[in-house]
Amino acid sequence: MKFARTLAFAALLLPLSALAQSAPGTALPGASATHSSQGFSASLVITADPDWQQKWESPPEVAPRFDLATEVKEGGSLYILSFLSNPKLDAQGMAQVRCDLRISKPDGSLSGDERDLPCFVTPLETDPKLVYLSTVGVKFTAEAGDPKGTWTVTINVRDTLRNVTIPLQSSFEMR
C-alpha cells in the first residue's frame with residue numbers, strides 16, 4: 001500500500017462547514033475505537049463501505065451507522081475515518097485539533113507515519129458537542145505484494161487548546 005497517495009484521500013472529505021452529525025453527547029455508532037478525556041472525545045472507524053460519505057451526509061436526526069471492517073483481500077479497499085466531539089474553542093471560536101496517523105504492517109514496520117496533521121482547525125459556529133468528521137482519512141487499498149496478517153492503525157487526536165491527546169487504535173487483517 002502506497003501511503004503517500006492515501007493521504008490524498010483527506011482532500012476528498014467534506015468541507016468543514018458540513019461536518020456536524022448526531023445529537024450532542026451521542027456516541028458515534030459503529031466505531032472501532034472511541035475514547036474521551038476532559039470532555040473531548042474521538043472515534044476511529046474502519047469500514048469497507050464505499051458509501052460511507054453518503055451515510056455521513058444523512059439528515060442530522062439520523063445517526064449514521066458504519067459497517068466495521070476487520071479484514072480486506074487483495075484489490076479490496078478500506079476507509080479509515082476519524083471523528084471528534086467537543087473540541088475546546090478559542091476566543092474567536094476556532095477549534096485547534098491536530099492528528100498523528102500511523103499505519104503499521106504485520107511485521108511492525110511502518111506503511112505510513114504522519115505527524116501533526118491539521119485534522120480539525122476551523123472556526124466552529126455550531127454546537128461543539130456534535131460529532132464532527134476530521135479531515136484525516138485514508139483509503140487503504142490492498143495491493144499485490146502487501147504483507148498478509150494484522151495491520152494496525154493508530155491515530156492520536158490532539159485538542160491543542162485543551163492540551164489533551166486521545167490515542168485511538170484499531171486493526172484489520174490482510175488476507
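The chain contains two helices and 10 strands. Followed along the sequence, these elements are arranged as α-β-β-β-α-β-β-β-β-β-β-β. The model is a predicted one, and a tour of it may begin with the confidence values.

**Stop 1: the whole chain, coloured by pLDDT**

Display the entire chain and colour it by confidence. The mean pLDDT is 86, and 82% of the residues reach 70 or more. Select residues 2-19: the pLDDT here is below 50, and this stretch has 45 contacts in the model beyond near neighbours in sequence. Next select residues 23-27, where the pLDDT is likewise below 50; this stretch has six contacts beyond near neighbours in sequence.

With a surface displayed, the accessible area of the chain comes to about 8100 Å², and carbon and sulfur atoms account for 50% of it. Of the 175 residues, 47% count as buried. Among contacts with a separation of 6 or more, 71% are between residues 24 or more positions apart.

**Stop 2: the disulfide**

Select Cys99 and Cys119 and show their side chains. A disulfide joins these two residues, with an S to S distance of 2.1 Å, and the structure holds one such link. The link between Cys99 and Cys119 is right-handed, with 70 degrees about the S-S bond. Cys99 belongs to strand E6 (residues 94-104) and Cys119 to strand E7 (residues 110-123), so the bond ties together parts that lie 20 residues apart in sequence. Are the two cysteines buried or exposed? Cys99 is buried, at 0% relative accessibility, and Cys119 is buried as well, with a relative accessible area of 0%.

**Stop 3: the largest nonpolar core**

Select Ile80, Phe140, Val153, Ile155, Val157 and Phe172. These are the residues with the most contacts inside the largest nonpolar core, which has 34 residues. Which strands supply at least two residues each to this core? They are E3 (40-47), E5 (77-85), E6, E7, E8 (131-141), E9 (149-159) and E10 (164-174). In soluble globular proteins, nonpolar side chains tend to be buried together.

Now centre the view on Ile155. Leaving aside neighbours within four places in sequence, Ile155 is in contact with Leu44, Ile80, Ser82, Cys99, Asp100, Leu101, Ile166, Pro167 and Leu168. One of these partners, Cys99, is already familiar from the disulfide with Cys119.

Apart from the largest core lies another, of nine residues. To find this second core, select Tyr79, Leu81, Val131 and Leu133, which are among its members.

**Stop 4: aromatic rings around Phe140**

Show the rings of Phe, Tyr and Trp. A search of the whole structure finds six aromatic pairs. Begin with Phe140 and Trp151: their ring centres are 5.0 Å apart and their planes stand at 70 degrees, over the 60 that the edge-to-face class needs, so the pair is edge-to-face. Phe140 lies in strand E8 and Trp151 in strand E9, 11 residues apart, and the pair thus links distant parts of the chain. Phe140 is buried at 0% relative accessibility, and Trp151 is buried at 0% relative accessibility.

Add Phe172 to the selection. The rings of Phe140 and Phe172 have centres 4.8 Å apart and planes at 65 degrees, so this pair is also edge-to-face. Here the link runs from Phe140 in strand E8 to Phe172 in strand E10, 32 residues apart. Both Phe140 and Phe172 are buried.

For a further aromatic group, select Trp56, Phe66 and Phe83, which ring pairs link into a cluster.

**Stop 5: loops**

Move to Pro106, in the loop between E6 and E7. Pro106 is partly exposed, with a relative accessible area of 32%. Which residues does Pro106 contact, leaving aside its neighbours within four places in sequence? They are Pro147, Lys148, Gly149, Thr150 and Trp151. From Pro106 to Phe172 the C-alpha to C-alpha distance is 9.9 Å, although the two are 66 residues apart in sequence.

Next select Gln38, in the loop between strand E2 (33-37) and E3. Gln38 has a positive phi of about 55 degrees although it is not a glycine, and at 57% relative accessibility Gln38 counts as exposed.

Finish at Asn163, in the loop between E9 and E10. Asn163 has a positive phi of about 60 degrees and is not a glycine. Asn163 is exposed, with a relative accessible area of 69%.

Notes. Residues numbered from 1 in each chain as written. Predicted model: local features only at pLDDT ≥ 70, side-chain atom pairs only at ≥ 80, totals over all residues. Heavy atoms only, no water. pLDDT = per-residue confidence, 0-100. Contact = heavy atoms within 4.5 Å. Disulfide = S-S within 2.5 Å. Helix = DSSP H or I, 4+ residues; strand = E, 2+ residues; numbered from the N terminus. Buried < 20%, exposed > 50% of the residue type's maximum accessible area, 1.4 Å probe, protein only. Core = buried A, V, L, I, M, F, W, Y, C linked by side-chain atoms within 4.5 Å. Phe/Tyr/Trp six-rings, centres within 6.5 Å; stacked < 30°, edge-to-face > 60°. Areas by Shrake-Rupley, 256 points an atom, 1.4 Å probe, with all protein chains shown as cover.
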